[in-house]
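This report describes the surroundings of the bound ligands and selected features of the backbone. The sequence and the structure are shown first.

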Amino acid sequence: MTGLSGCGSEQPSRNSDTVAVTPPEQSEPREWQAVGGSATVAFRDDMAFLQFIPDLDLGSAPTVSQGRELFVANWTAAPGSRTLLDGLGPLFIADACADCHLVSGRAASLNDDGTTSPGILFRLGTADGQPDARLGGQLQTAATVDVPEGRVTWQDVGLGRPQFQLSETDRSLDDGVHLGPRLSPQLTGVGLLQQIPEAQILEWHDPDDQDQDGISGRAHWIEREGVSCVGRFGWKAMQCTLRGQSAAALHQDMGLTTALNPAEPCTAYQSICTDQPSGGDPEVSLDSLNAINDFLTLLAVYERRITDQTQFDLGADLFEQIGCDNCHRPMLTTGNQSLFETLNQQTIYAYTDLLLHDMGAELSDGVQEGNANGREWKTPPLWGLGLIEGIGNSRFLHDGRARTLPEAIQWHGGESSASREAWEILAEEDQQALLVFLRGI
Ligand code: HEC
Ligand code: HEC
């Protein structure tokens, strides 16, 4: 089944096939609660992301501003003049977290000239989860000395869909190893998502579709630091905690070791890591890692932008009627385990179930990560997504194949096929209302 069959000129005829939309029972406008509970901030055009939650007393949480410094800092190769910030590489992708996670949302990824920027990075793996023997599990596109592992170019093979090609490398990938593209997500309310109790995610876990609603999402159980936990961060929910995610980013994306990942991300074939000076053992202290963690924990969520409430409310109804909410669950509630009181017991509207879903063959990249196969992706949260549409060259979906929100919907396959088909036969004004809703949440 092709994901783009209903796009553009192939719209089914409106007379025969449009879905009858039940009008809302009462015409009272819906009452919308703050999208991120007490972590909600008023919208500011110039600072769409990476703002702190309101009323944060930075004096009483000094590690938070330290964490922000570490997040925006440009790290350097060792030995550097600032030892706190040295140890970058020798193989890496970008020298700052903030290069990939921008205030405005998503960093440049697929450039018009066919090159790629660090806003998209590439896992390397086979269908049974084996990395490339020489290059490892992720392609490093920069190096402090000598040459990087390689770069990636892309070409549009129709409707914006990128086909990727490894370039600037003298090594070809091992047999069966594929490029697994991963767009850098915008960071919204990740501290709140961290606080969703596992029990709540597991309520929706239904791997064999026992309730027969056509949706069989499953929790991504992984082992981290000796315990088994439900993954929730990243496109494949490979990380359970922000701390784990940050350590993995420092390691895989920046070539910085921590107590969690004490060895440089080099394979036995790559002597560059042992030849180059280290920035310490580990290069990033536990204090620095915790400060980054506190910074991420206290990131805010932007209030909804509702300009036409009738349209917005209709869009919200349609979102439920065509089953988008089977995976993009509107409402979640945080637990009471955060050291930051204000994050506890908050009702939030993130539009995710944090589960993996089989999204069909077209969205598969053939790379297994953890227990997730190539077709399985975590439902990404949708809050704040409208803020990045149209900014720079922002793209959607894990590999950036969608240029707009409607394109992102059109690619939904697998478990989400019925929902996509229902979207395709909506009357045009109903599609517009649904988009008004998506752009405002
Ligand atoms: C080269 C670009 C790049 C750099 C540098 C980078 N990230 Fe990321 N980040 C990504 C990508 C890509 C993902 C998605 C990863 C995946 O799907 O496994 C991600 C995911 C995340 C997430 C999870 C978001 C979510 O909603 O699931 C957090 C949190 C995060 N990064 C924090 C950081 C921090 C902190 C740093 C610096 C220490 C950092 N990142 C550096 C590209 C980058
Ligand atoms: C079966 C679960 C499921 C259903 C139903 C579903 N989605 Fe999704 N959605 C996902 C997953 C998983 C992804 C990520 C897929 C990928 O990146 O390859 C996604 C991605 C998206 C994205 C892009 C997000 C981003 O960060 O780039 C948008 C927008 C979206 N969905 C909207 C919708 C709408 C609107 C509907 C209803 C028509 C819908 N989805 C139905 C699971 C679902």
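## Ligand surroundings and backbone features

A nitrogen atom of ligand 1 has a polar side-chain atom of His-101 at 2.9 Å. The model is a predicted one. His-101 also serves the metal: the iron atom of ligand 1 has a single donor from the protein, the NE2 atom of His-101, 2.0 Å away. This residue, His-101, is placed in strand β3, which covers residues 101–102.

The shell around ligand 1 holds 28 residues, and those that come nearest are Cys-97, Cys-100, His-101, Gly-234 and Trp-235. Gly-234 takes part through its backbone, a polar atom of which is 2.7 Å from an oxygen atom of ligand 1. Asp-253 takes part through its side chain, where an N or O atom is 3.4 Å from a nitrogen atom of ligand 1.

Several elements build this shell. At least two residues each are supplied by α3 (97–100), β5 (120–125), β9 (178–183), α6 (242–254) and α8 (286–297). Of the elements, α6 gives the most to the shell around ligand 1, with seven residues. By class, the residues around ligand 1 are 19 nonpolar, five polar and four charged.

Two of these contributing helices also meet one another. Two packed helices are described by the angle between their axes and the distance between the axes. The axes of α6 and α8 come within 9 Å and cross at roughly 120 degrees. α6 and α8 are therefore oblique to each other. The crossing in which α6 passes α8 is right-handed.

Ligand 2 is surrounded by 29 residues, of which Cys-324, Cys-327, His-328, His-398 and His-412 are the closest. Its polar contacts with side chains include those of Arg-106, with an N or O atom 2.7 Å from an oxygen atom of the ligand, and of His-398, likewise with an N or O atom 2.7 Å from an oxygen atom of ligand 2. In the case of His-412, a polar side-chain atom lies 2.8 Å from a nitrogen atom of ligand 2. The elements that give two or more residues to this shell are β16 (376–378), α10 (405–410) and α12 (428–440). Among the elements, α10 gives the most to the shell around ligand 2, with three residues. By class, the shell around ligand 2 comprises 18 nonpolar, eight polar and three charged residues.

The polar contacts of the two ligands are listed below.

| Ligand | Ligand atom | Residue | Distance |
|---|---|---|---|
| Ligand 1 | nitrogen | His-101, side chain | 2.9 Å |
| Ligand 1 | oxygen | Gly-234, backbone | 2.7 Å |
| Ligand 1 | nitrogen | Asp-253, side chain | 3.4 Å |
| Ligand 2 | oxygen | Arg-106, side chain | 2.7 Å |
| Ligand 2 | oxygen | His-398, side chain | 2.7 Å |
| Ligand 2 | nitrogen | His-412, side chain | 2.8 Å |

The backbone has further features in its loops. Most residues other than glycine have a negative phi, and most peptide bonds are trans. The peptide bond from Ala-78 to Pro-79 is cis, with omega near -5 degrees, and Pro-79 lies in the loop between α2 (62–72) and β2 (91–92). The bond from Gly-89 to Pro-90 is cis, with omega near 10 degrees, and Pro-90 is found in the loop between α2 and β2. Asp-146, a residue other than glycine, has a positive phi near 55 degrees. The position of Asp-146 is in the loop between β6 (142–143) and β7 (151–156).

Methods. Residues numbered from 1 in each chain as written. Chains lettered and ligands numbered in written order. Predicted model: local features only at pLDDT ≥ 70, side-chain atom pairs only at ≥ 80, totals over all residues. Heavy atoms only, no water. Donors = N, O, S within 2.8 Å, 3.2 Å for Na, K, Ca; no water. Helix = DSSP H or I, 4+ residues; strand = E, 2+ residues; numbered from the N terminus. Near = heavy atom within 4 Å. Polar contact = N/O pair within 3.5 Å; in protein donor to acceptor, adjacent residues only side chain to side chain. Nonpolar A, V, L, I, M, F, W, Y, C, P; charged D, E, K, R; others polar. Axes fitted to C-alpha atoms, helices over the stretch in contact; angles between N-to-C directions. Parallel < 35°, antiparallel > 145°, perpendicular 65-115°, else oblique. Left-handed = near helix turned anticlockwise from the far one by under 90°.
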